[in-house]
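Please open the model in your viewer, with a cartoon for the backbone and sticks ready for the side chains. The stops below say what to select next and what is to be found there.

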Amino acid sequence: MRAFLLLFLLFPLLELAVMIKVGSAIGVLPTLLLIVLGVLVGGMVLRLAGVATAWRARERLARGELPEQEMLDGLLIAIGGGLLLLPGFISDLLAVPCLLPFTRHFLLSRLRRRTEEQALRRRAFFDDLSARSGQSRPEASRPNVIEGEYERRDD
């Protein structure tokens, strides 16, 4: 939590320092125009890409599939658009990988791989812990199987 607080306080100061540096290099008016342009582009990208992602998710739902890829794409697009809406150059640079399709898919594949590895580690730890304590797997994690016979009747 302290790191988040430090980042929350430090980020605006870094943005301000970069804006001052850019403003001294290219002038105040071009710097302000770049910041306003970034905010406008962020709003348009957020609107257009968000609608396109929502339509793709809706199509998958209509086919009876879960739109997990579209949801993750939408999340990264929302993060990127939100970063573009923030005034400043650092946030704009952080937004670009979230908005470009090939970098967004690369980020999502890395995130999925990392999540799967973490889930495997947790499961291995749980299995190892239960094996050391001599316990079998808990009843809640066993599948419910009901044995029986059935007969199909077409009336």
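In what order do the elements of the protein chain run from the N terminus on? They run α-α-α-α-α, and the count for the protein chain is five helices and zero strands. Please keep in mind throughout that this is a predicted model. If you colour the chain by accessibility, 19% of its 155 residues count as buried.

**Stop 1: the start of the chain**

Select Met-1, Phe-4, Leu-5, Phe-8 and Leu-9, which make a nonpolar surface patch of about 660 Å². Leu-9, one of these residues, has its place in helix H1, residues 2-26, and with a relative accessible area of 53% Leu-9 is exposed.

Then move along to Val-22, which is also placed in helix H1. At 24% relative accessibility, Val-22 counts as partly exposed, because the partly exposed class lies between the limits of 20% and 50%. A distance drawn from the C-alpha atom of Val-22 to that of Phe-89 should read 9.1 Å, although the two residues are 67 residues apart along the chain.

**Stop 2: helix H4**

Phe-89 leads on to helix H4, which spans residues 89-99 and whose buried residues are Phe-89, Ser-91, Asp-92, Ala-95, Cys-98 and Leu-99. Why do these buried residues lie on the same side of H4? They cover an arc of only 155° around the axis, and this puts them on the same side of the helix.

**Stop 3: from helix H2 to helix H3**

Select Val-45 next, in helix H2, where this residue is partly exposed with a relative accessible area of 26%. The C-alpha atoms of Val-45 and Gly-80 are 8.9 Å apart in space, while the two residues are 35 residues apart in sequence.

A second pair to display is Met-71 and Thr-53, whose C-alpha atoms are separated by 7.9 Å and which are 18 residues apart along the chain. Met-71 has its place in helix H3, and at 58% relative accessibility Met-71 counts as exposed.

**Stop 4: the salt bridges around Asp-73**

The model holds eight salt bridges in total, and a good place to begin with them is Asp-73. Show the side chains of Arg-56 and Asp-73, which meet in a salt bridge at 3.8 Å, N to O. Arg-56 lies in helix H2 (residues 28-62) and Asp-73 in helix H3 (residues 68-85), so this pair ties together parts that are 17 residues apart in sequence. Buried or exposed: how does Asp-73 count? At 4% relative accessibility, Asp-73 counts as buried, whereas Arg-56 is partly exposed, with a relative accessible area of 32%.

Keep Asp-73 selected and add Arg-104, since the side chains of Asp-73 and Arg-104 meet in a salt bridge as well, here at 3.4 Å, N to O. This pair links distant parts of the chain, with Asp-73 in helix H3 and Arg-104 in helix H5 (residues 101-132), 31 residues apart. Arg-104, at 7% relative accessibility, counts as buried.

**Stop 5: other salt bridges**

Go on to Arg-153, which forms a salt bridge with Glu-151, the closest N and O atoms being 3.7 Å apart. Both Arg-153 and Glu-151 are exposed. Then select Arg-60, Arg-63, Glu-65, Glu-68 and Glu-70 together, which are joined into one network by salt bridges that share partners.

**Stop 6: a charged patch**

Which residues gather in a patch of positive charge on the surface? Select Arg-110, Arg-113, Arg-114 and Arg-121 to display this patch. Arg-114, one of these residues, has its place in helix H5, and at 62% relative accessibility Arg-114 counts as exposed.

Notes:
Residues numbered from 1 in each chain as written. Predicted model: local features only at pLDDT ≥ 70, side-chain atom pairs only at ≥ 80, totals over all residues. Heavy atoms only, no water. Buried < 20%, exposed > 50% of the residue type's maximum accessible area, 1.4 Å probe, protein only. Helix = DSSP H or I, 4+ residues; strand = E, 2+ residues; numbered from the N terminus. Arc of directions from axis to C-beta. Patch = residues over 30% accessible without salt bridge, like charges linked within 9 Å, V, L, I, M, F, W, Y side chains within 5 Å. Areas by Shrake-Rupley, 256 points an atom, 1.4 Å probe, with all protein chains shown as cover. Salt bridge = Lys/Arg side-chain N within 4 Å of Asp/Glu carboxyl O. Lys, Arg positive; Asp, Glu negative; His and termini not counted. Charge placed at Lys NZ, Arg CZ, Asp CG, Glu CD.
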